[in-house]
Amino acid sequence: MENIYPIFDTILSREDKQKLLKQRAIVVWMVGLSGSGKSTLARALENTLHEEGYLTQLLDGDNLRVGLNNNLTFSEEDRKENIRRAAETAKLFMNAGLVTICSFISPVEKVRQRAREIIGEGYTEVFIECPLEVCEQRDVKGLYAKARKGEIPDFTGISAPFEAPTSADITVNTAEQTLEESHQILVQQILDRIKY
Ligand SMILES: Nc1ncnc2c1ncn2[C@@H]1O[C@H](COP(=O)(O)OP(=O)(O)OP(=O)(O)O)[C@@H](O)[C@H]1O
Ligand SMILES: [Mg+2]
């Protein structure tokens, strides 16, 4: 029998959503130590892209850990699960056509590789580079002081490993650049990738 309601059979693709929004959807995956500037630069980037007319979504480690991932600890196993859920969520937003900006420490290559595999084409790794000494000096949340006193187990850079990314698509160095400089580099690099 002829299908008189073909519209019910149409599965909309990422391309359809991108066409509607007139933007290319990617996942901007920010990697870096605590205090390196991920959340600061992610918020700044989102604000600028929004002003430029792009539809965006921010996924931040801290926010996800109070909601979707509130049953997870910082053990190696749970960190893996944290990133798996984050990457799956990012992929959903990306496939809905949004420029999705993620800020998670994502400390080791294995975990980043997983995110890269889950997200697939569109995964854009950004290394927010900053020496441990500088992050520790900033100690925005007072976590380094606690970690040094042994009050926080498995703290990245102190008692848990951090492997600097070697295949990042974009790198900014927040110890050598001003916030404005790092921001400008990111905006320019990302705009190039999301223009329709
Ligand atoms: N060039 C720079 N780029 C970004 N942040 C900078 C820069 N220079 C100094 N800062 C400061 O560094 C701090 C970075 O803190 P932020 O919360 O963004 O780090 P984070 O990477 O999100 O850490 P966490 O993983 O703990 O969430 C902020 O106080 C910011 O003002
Ligand atoms: Mg943060």
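Student: What makes the pairing of an oxygen atom of ligand 1 with the side chain of lysine 141 a polar contact?

Tutor: In this predicted model, an oxygen atom of ligand 1 is 2.7 Å from an N or O atom in the side chain of lysine 141, and because a polar contact is a pair of N or O atoms within 3.5 Å, the pair qualifies. Residues are numbered from 1 along each chain as written, while chains are lettered from A and ligands numbered from 1 in the order of writing. Local features need pLDDT of at least 70 and side-chain atom pairs pLDDT 80 or more, whereas totals for chains, interfaces and linings use all residues, and side-chain values use heavy atoms, with hydrogens and water left out.

Student: Which backbone atoms also lie within that limit of ligand 1?

Tutor: A polar backbone atom of glycine 37 is 3.1 Å from an oxygen atom of ligand 1, and a backbone N or O atom of threonine 178 lies 3.4 Å from a nitrogen atom of the ligand, so both pairs meet the definition as well.

Student: Why are Ser34, Lys38, Ser39, Thr40 and Lys141 said to surround ligand 1?

Tutor: They are the closest of the 18 residues that surround ligand 1, and a residue is called near because one of its heavy atoms lies within 4 Å of the molecule. The largest share of this shell, 4 residues, comes from α2, a helix because DSSP gives a run of H or I with at least four residues, and α2 and α8 each supply at least two residues.

Student: How do you know that ligand 1 sits in the largest pocket?

Tutor: Ligand 1 does sit there, which means that more than half of its atoms lie within 2 Å of the pocket's grid points. The pocket has a volume of about 870 Å³, counted as the space filled by probe spheres set on the points.

Student: What makes a residue part of the lining of the largest pocket?

Tutor: A pocket is an open set of points on a 1 Å grid where a 1.4 Å probe fits, with protein on both sides within 12 Å along at least five of seven lines, and a lining residue has an atom within 4 Å of a point. By that rule 40 residues line the largest pocket, with Ser34, Lys38, Asp62, Ile105 and Lys141 nearest its centre, and α2 gives the most, 5 residues.

Student: How is the shell around ligand 1 divided by class?

Tutor: The shell divides into 5 nonpolar, 10 polar and 3 charged residues; Lys141 is one of its closest residues, and lysine counts as charged because that class holds Asp, Glu, Lys and Arg. The lining of the largest pocket has 15 nonpolar, 15 polar and 10 charged residues.

Methods. A polar contact is a pair of N or O atoms within 3.5 Å; within protein, one must be able to donate a hydrogen and the other to accept it, and residues adjacent in sequence count only if both atoms are side-chain atoms.
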